[in-house]
Structure formats: C-alpha cells, structure tokens
Amino acid sequence: MAKIETIGILTSGGDAPGMNAAIRAVTRAAISNDWKVYGIYRGWEGLINDEVKLFTTESVSNIIQRGGTILKTARSDAFRTPEGRAVAAKTLKKYKIDALVVIGGNGSLSGAEELAHEHDIPVIGIPGTIDNDLYGTDSTIGYDTALNTIVECVDKIRDTACSHNRIFFVEVMGRDAGFLAQNSAIAAGAEAAIIPEDKTDIDQLATFIGHGIRKSKNSSIVIVSEKDGGAMHYADRVRKEYPEYDVRVSILGHLQRGGKPSAFDRILASRMGVAAIEALKEGQRNVMIAIDQDQMRYIPIAKAVKIDKPIDPELLTVQNTLSI
Ligand code: F6P
C-alpha cells in the first residue's frame with residue numbers, strides 16, 4: 001500500500017453524541033504521527049461539494065464534551081450514485097488525501113465501502129450511531145448516551161403515568177434495531193418492550209395486556225421501537241381492543257440524539273479514533289473499528305453492515321422475569 005501522509009475525516013448520516021470525541025482522537029493521533037488531516041464538512045455531500053478544511057490540533061480543542069458533530073453531517077442522495085462517488089473521489093485527489101476515516105452508521109459505512117472499491121481508496125470506518133446496529137462491536141458511539149437520555153425521560157413519564165393510572169406507549173429510535181428499546185425498558189423498569197427482533201407469532205401487545213398489568217399495578221410503561229407503526233399503532237389497538245384502559249403516547253424523537261456524550265461514549269470514541277490511525281499504519285483498509293468484549297478488532301466493513309447484530313435472548317428473559 002502507498003505510504004500515507006494525508007487523511008480526510010468526515011461524519012455522515014445521523015449525528016451521535018461522541019462523534020466529536022472521535023474527530024478529536026483521529027485528528028490528534030494522525031497529527032502525532034506527522035500526517036496531515038483534512039476535515040470534510042457535511043459528510044459525503046461536503047466531499048462532493050469540496051467543503052474541506054485543513055485541521056490542526058486546535059481545530060479539535062474543547063469539543064470532547066459537545067454533542068452533535070463539529071464537522072456537521074448530511075444524508076446524501078448524490079453519493080448513492082456512481083457519478084456522485086466519482087466527484088467525491090476527485091475531491092480526495094485534489095487534496096492528495098491518501099485515506100479516509102468515516103464516522104457513521106450503516107448507510108454511511110456502506111457508502112464508504114463502495115467508494116473504496118470503485119476508486120481504490122483505503123477507508124477506515126468508526127461506528128457512530130445511537131442505534132447500535134453494527135455487527136461485530138459491542139457498542140457504537142452514541143448508543144450509551146442515547147440510552148441514558150431515554151431512561152431519564154421514561155423516569156419522568158412514569159411520574160405522570162402513576163398519577164393518572166395510565167398506560168404509556170413510549171416510542172424510541174433505533175431504525176430496524178431494538179437495542180435502545182430493549183435495554184431502556186430494562187433500565188427504566190418498564191412493563192414491556194416491543195422490538196422488531198422479536199419475530200415470534202406471539203402478539204406482543206396481547207401478551208403484555210395479559211401478563212404485564214396486574215391489579216396492584218395501576219399504570220404501565222411499554223417501550224416501543226419506532227419500526228412498523230411504532231407507539232401510535234399499539235395505542236390505537238389498545239383503544240379499540242381494550243377500551244377500559246386510559247392510554248397515552250410519547251414519541252421521544254430527536255432529543256434522543258442530542259446532549260453531552262456520556263463518559264463511556266467519550267472513552268469509546270477516543271479509543272476507536274486512535275485505533276483507526278493504528279489500523280491505517282498497519283496497512284488495514286476497508287475495515288470498521290470494533291470493540292468486542294473489550295478487545296479491539298477490525299471487522300471488514302462489508303460484514304459489519306450486512307450481518308444482522310442479534311439481541312441477546314437473555315435480555316428478553318430478564319425483561320419478562322422482572323415485569324410480572
Ligand atoms: O440512525 C439514527 C437515527 O436516529 C435512527 O434511529 C432514526 O430512525 C433516524 O436516524 C432518523 O433520521 P433523521 O434524523 O434523518 O430523521
């Protein structure tokens with residue numbers, strides 16, 4: 001592989017708390033290796049439109065504690081086309097960028113893979129998404145913070161749910177994955193979690209109504225993944241099928257993506273950022289940095305984005321055991 005002297009870094013897709021800590025780590029680890037670092041703004045869109053700036057160590061000062069991403073982000077339709085990716089590759093050439101570090105989720109890393117193959121550019125992925133849906137890593141950057149945000153919100157919802165004897169369906173993000181829903185339900189002591197991974201034919205709502213509500217409980221909280229109609233769908237069903245219950249819906253929405261990153265996410269992002277530079281030094285390309293049982297690993301990006309990450313069935317058992 002050609003010697004690396006200059007790298008580009010970008011964040012893409014949905015922002016996640018801890019992305020700034022990762023930008024800082026990648027930038028500083030590269031500079032301490034005497035490499036040049038270009039910050040690419042607004043993800044793939046910015047690469048296509050030449051929104052590129054030379055970074056120094058000062059460019060990433062005072063950001064480790066900030067949510068969002070100082071590099072901004074975007075969801076780019078243009079980059080989904082070979083023509084768009086060709087323009088992006090031209091920008092990389094213009095700045096003599098030898099390798100690219102991409103911080104993002106499933107879609108962003110898939111895009112990175114395509115660019116790498118079509119234009120022979122070494123790419124390292126860092127998993128940054130609140131959804132925690134990338135295979136091979138125990139946690140993605142932003143997931144822990146979002147989980148804690150959800151739990152804080154659900155604790156508050158419980159106060160009002162109890163006061164009014166109501167069932168609350170609380171909808172959380174996660175796209176196609178139920179990690180946020182399942183683990184926030186356990187952490188907040190919710191009566192049930194409805195997640196897309198539960199593929200049994202069992203009607204999850206009927207199970208909850210039959211199992212989760214007992215006489216001594218005058219209120220309930222059900223955490224619902226946003227997929228397949230989300231909380232509204234289940235609330236409408238209860239109104240029709242079990243009209244004796246007083247039901248409310250709370251959709252947490254984008255507040256789940258904001259806020260200061262937790263200490264866990266800052267450490268994870270710092271470790272992964274340093275590891276991304278180490279990976280490039282070792283000649284790795286087209287891999288995602290992963291931490292699996294506290295061991296740093298490189299997972300081929302193609303694998304990380306294509307293989308479904310399973311939910312540990314033990315979590316479902318814990319939920320069912322404790323929600324009696
Ligand atoms: O992938 C992160 C995520 O927050 C998902 O949980 C959610 O489905 C989606 O992004 C929302 O996207 P947007 O911010 O573009 O509405």
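User: Hi! Which residues are around the ligand?
Analyst: Happy to help! They are R75, T129, I130, D131, M173, G174, R175, E226, H254 and R257, where being near means having a heavy atom within 4 Å. This is a predicted model, where local features need pLDDT of at least 70, side-chain atom pairs count only at pLDDT 80 or more, and totals for chains, interfaces and linings use all residues. Residues are numbered from 1 along each chain as its sequence is written, and side-chain values use heavy atoms, with hydrogens and water left out.

User: Thanks! How do those residues divide into nonpolar, polar and charged?
Analyst: The shell has 2 nonpolar, 3 polar and 5 charged residues. Asp, Glu, Lys and Arg count as charged, Ala, Val, Leu, Ile, Met, Phe, Trp, Tyr, Cys and Pro as nonpolar, and the others, Gly among them, as polar.

User: What distance separates the E226 side chain from a ligand oxygen?
Analyst: An N or O atom of the E226 side chain is 2.6 Å from a ligand oxygen. For R257, a polar side-chain atom lies 2.8 Å from an oxygen of the ligand, and for R75 the value is 2.9 Å.

User: Switching topic, what domains is the protein divided into?
Analyst: There are domain 1 (6-142 + 261-306) and domain 2 (144-257), with bounds from an automatic or database domain assignment. Their C-alpha centres are 34 Å apart.

User: And which domains does the ligand shell draw on?
Analyst: Domain 1 and domain 2 each supply at least three residues of the shell.

Conventions. Polar contact = N/O pair within 3.5 Å; in protein donor to acceptor, adjacent residues only side chain to side chain.
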